[in-house]
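Grab a pencil and have a go at each exercise before you read its solution. Ready to look around a protein model?

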Amino acid sequence: VIPSMRSLTAEEYVEAFKSFLDHSTEHQCMDEFNREEMPNIQDLKMIRILQAAHPGVLIANEIIEPNPQHVAAYRELVNQASDLQNVSFVWHQLTSLEYEQQVKEKGAHKKFDFIHMIQMLYRVEDIPSAIKFFHSCLDHHGKLLIIILSDSSGWASLWKKYRHCLPSTDCGHYITSNGITDILKRLGVEYQVYEFPSGWDITECFIEGDPVGGLMMDFLTGTKNFLGTAPPGLRRQLQEALCQPECSSKKDGRIIFSNNLSMIVVES
């Protein structure tokens with residue numbers, strides 16, 4: 001009996017996400033953006049950029065993250081870092097909505113100079129409301145950074161054609177940069193969009209029985225054991241789609257999936 005398709009649990013997502021990071025240039029892409037486009041504004045790397053730009057200034061850093069494994073991993077990095085003088089950390093193991101509700105219940109609307117929302121809006125229940133709330137948390141001249149998949153990415157093409165065939169995510173959002181800029185236009189706020197190319201080597205997806213390839217397909221589809229549970233026709237269609245020019249390119253015999261990112265900088 002073939003088990004039915006289901007979405008990844010939080011723990012399974014972490015494992016599949018690690019496989020993605022190990023074979024993609026996503027973090028290098030974000031580093032390039034930090035260096036070239038935002039010299040005065042990813043977590044510890046951003047903090048170190050701020051420290052270098054504003055030596056001696058106290059940086060009060062608040063983290064909002066519902067996944068306990070991600071919180072634990074970040075805490076461990078902070079504990080191991082010896083160069084974080086004048087930096088304080090407040091940890092909120094909460095969803096963005098839970099944090100928003102907590103802030104409103106306390107009636108204390110804290111203001112921030114810089115807020116970043118990196119690859120997290122896919123799992124936010126009400127995206128316009130979340131953006132509006134965090135934008136309201138910006139201090140004068142503050143900036144909100146949203147990093148989201150570009151509409152030029154392979155993800156955009158894949159989601160348009162196949163998302164109805166896959167298990168829904170926690171909130172069912174398959175959103176790319178154009179969806180975010182549409183929201184920002186409706187909110188009437190100023191923003192700038194920076195496009196950065198990023199690639200993900202998915203060659204192992206096409207090697208029968210390869211465990212890394214299996215994890216990659218799980219991450220691509222948000223499905224636990226996609227290759228073992230998807231109907232053969234869907235599996236074949238998806239693997240064929242991944243090879244198309246709108247999704248991937250070939251380099252030195254490898255298949256590189258387009259993971260292009262949009263860095264959206266929103267003004268206060």
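Here come three exercises, each with a worked solution.

This is a predicted model, where local features need pLDDT of at least 70 and side-chain atom pairs count only at pLDDT 80 or more, while totals for chains, interfaces and linings use all residues. Residues are numbered from 1 along each chain as its sequence is written, and side-chain values use heavy atoms, with hydrogens and water left out.

**Exercise 1.** Work out how α1 and α9 cross and which residues meet.

*Solution.* Step 1: find helix α1 at residues 10-23 (helices are DSSP runs of H or I, at least four residues, and strands are runs of E, at least two, numbered from the N terminus).
Step 2: check the axes, which come within 8 Å and cross at roughly 110 degrees (axes are lines fitted to C-alpha atoms, for helices over the stretch in contact, and angles run from 0 to 180 degrees between N-to-C directions).
Step 3: α1 and α9 are therefore roughly perpendicular (65 to 115 degrees; under 35 is roughly parallel, over 145 roughly antiparallel and the rest oblique).
Step 4: look for contacts, meaning heavy atoms within 4.5 Å. Tyr 13, Glu 15, Ala 16, Phe 17, Ser 19, Phe 20 and His 23 in α1 meet Val 212, Leu 215, Met 216 and Phe 219 in α9.
Step 5: sort these residues, and you get 8 nonpolar, 2 polar and 1 charged (Ala, Val, Leu, Ile, Met, Phe, Trp, Tyr, Cys and Pro count as nonpolar, Asp, Glu, Lys and Arg as charged, and the others, Gly among them, as polar).

**Exercise 2.** Now do the same job for α9 and α11.

*Solution.* Step 1: their axes come within 13 Å and cross at roughly 90 degrees.
Step 2: that makes α9 roughly perpendicular to α11.
Step 3: α9 brings Met 217, Leu 220 and Thr 221 to the contact, and α11 brings Leu 238, Gln 239 and Leu 242.
Step 4: by class, that's 4 nonpolar, 2 polar and no charged residues.

**Exercise 3.** Is Gly 154 buried or exposed, and which residues does Gly 154 touch?

*Solution.* Step 1: place Gly 154 in helix α7, residues 154-162.
Step 2: its relative accessibility is 0%, so Gly 154 counts as buried (under 20% relative accessible area; exposed is over 50%, partly exposed in between, with a 1.4 Å probe and protein chains only).
Step 3: skip residues up to four places away in sequence, and Gly 154 touches Glu 246, Cys 247, Phe 257 and Ser 258.
Step 4: add a distance, since the C-alpha atoms of Gly 154 and Cys 243 are separated by 10.0 Å, though 89 residues apart along the chain.
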